[in-house]
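Thank you all for coming; I would like to walk you slowly through one structure this morning, beginning with its DNA and then turning to how its chains meet. Please have a look at it before I go on.

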2 protein chains.
Amino acid sequence: MTVWDRPEPPARPAPLDRERIVATAIALADEGGLEAVSLRKVAARLDAGPMRLYGYISTKEELFDLMVDEVHGEILPEEPPGDWREALRVRAHRTRQAALRHEWLADLLGGRPALGPNALAVGEATLAALDGLADLGTVLRAVETVSAYVIGAIRREITELRAERATGLSEREWQRAHGPHLRRMLATGRYPALAKAVYDGPDSDAETSFATGLDWVLDAVAVRLAPPRA
Amino acid sequence: MTVWDRPEPPARPAPLDRERIVATAIALADEGGLEAVSLRKVAARLDAGPMRLYGYISTKEELFDLMVDEVHGEILPEEPPGDWREALRVRAHRTRQAALRHEWLADLLGGRPALGPNALAVGEATLAALDGLADLGTVLRAVETVSAYVIGAIRREITELRAERATGLSEREWQRAHGPHLRRMLATGRYPALAKAVYDGPDSDAETSFATGLDWVLDAVAVRLAPPRA
DNA sequence: TATTCAGAAAATACGGTGTATCGACATGAG
DNA sequence: CTCATGTCGATACACCGTATTTTCTGAATA
């Protein structure tokens, strides 16, 4: 019996903490979507029984909140923005990038209050960049309006992306096909404008779509924040 | 043994159809949120075994799709709009009203492709109202941008509404309170701009918030659809 | 009318979920 | 060395979506 064949001690439970739990949950969600995240699976990956997690987390919802806040850490820009418009634009694009890395984010964003430290830091940075540009009410509305656009646009983009992937077709082909269903619907002639849009609409890549819509919204906001001198 | 004490026949199973199933599911969701909708409960309300539903529905996801399309029936406006702006505005407000009646809609909107007949009809009406105002690509972007805003704004509004209800406090009080958590966070002094916003921000009612943001976005869209003559 | 048969409805079953409860056990204190 | 404490794991419960099997009923046939 040498050191080598002496059996390992029975794998003392690795010390656990929220960070490791959240990281594992995020990994699972990245791989298989939100519905692949179960407390049992998270625990299993950490060589622990399911109940072990309840020492660090009190409910599955809370785990989701922690996951969202963790990703907000990726959204927070590292360098201060040039001006308010840049700040909002960068935040929007970083949010989108995070959602592309973690598609499940689209399912949670806006669906629960985001009050974790990272989310608050993002909010703080955003508000700071707009401070003093107008009265507080206007500034808040500006942020909310842009946020609403960002959340909605990301949600749609991820949804389309999943649908495409589900059919294995390219974006354009998906729009035309999507099973026989959509085609049959359009063929009824009851949706002529839709049909024209689907068949004659230009295909544009998702990023410029997002950026263009964002620019429109930023323009709208600009009028209220920094009204052009008459 | 008279007619009166003859036992009822064993309650012949009421004939079932998708409409009744969907209506029941919507009722359940209206009462207890999406997570209160289970195939077993829907079936129970219809005096049927769970498996009975599978004759009319092939999966729970499909039931959700049917619910969403059913509500799109409430969104479709009954009279044709005056102009494109009115069309977009009415669609937005009707969508919001539907989400206030059926809060679970906020959880599903934008999260799945909406290809049911009612959703398509809504899309058709919208596109028809914008037909010819600009090249097709611009029109599509306009609709998408407004839709993104609407979905995001509704999502946030419903989320806040639920959070308020959970604490039983008024909106304003909620922002100040939300457990000790937010207050503690703000008290750290790491989020001065946020703190100012929370404590000094004007409270506005949700409807005008929504309407104002919407108007901003519509203004932005207007510039591209009907550019002001130079 | 009696019998078969097809189709629908029901019951049962399976593998999963979140979480409450409780028993074993390891560790530190007296 | 004994005992208390508190953590971990196993077990348990109620529920879920859905596959499979069984039962039943109403119509067609002999």
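Let me start with B:Arg40, where a polar side-chain atom lies 2.2 Å from a base nitrogen of DNA strand D; a polar contact here is a pair of N or O atoms within 3.5 Å, and within protein one must be able to donate a hydrogen and the other to accept it, while residues adjacent in sequence count only if both atoms are side-chain atoms. Before going further, I should say that this is a predicted model, in which local features need pLDDT of at least 70 and side-chain atom pairs count only at pLDDT 80 or more, while totals for chains, interfaces and linings use all residues. Residues are numbered from 1 along each chain as its sequence is written, chains are lettered from A and ligands numbered from 1 in the order in which they are written, and side-chain values use heavy atoms, with hydrogens and water left out.

Staying with the DNA, the phosphates are approached as well: a backbone N or O atom of B:Leu39 lies 2.9 Å from a phosphate oxygen of strand D, and a polar side-chain atom of B:Thr59 lies 2.9 Å from a phosphate oxygen of that strand. Around DNA strand D there are 13 residues, of which B:Ser38, B:Arg40, B:Met51, B:Tyr54 and B:Lys60 come nearest, where near means that a heavy atom of the residue lies within 4 Å. Of the strand's atoms that come within 4 Å of the protein, sugar and phosphate account for 52%.

Now, how many residues does each chain bring to the contact between chain B and chain A? Each of the two gives 58 residues, contact meaning heavy atoms within 4.5 Å. The area buried between them is about 4800 Å², with 68% of it from carbon and sulfur atoms, and buried area is the accessible area, taken with a 1.4 Å probe, that two parts lose on being put together, summed over both. On the chain B side, B:Arg141, B:Arg155 and B:Trp216 lose the most area to chain A, together 16% of what that side buries.

Finally, the rule finds four salt bridges across this interface, each a side-chain nitrogen of Lys or Arg within 4 Å of a carboxyl oxygen of Asp or Glu. B:Arg224 forms a salt bridge with A:Asp219, their closest N and O atoms being 2.7 Å apart.
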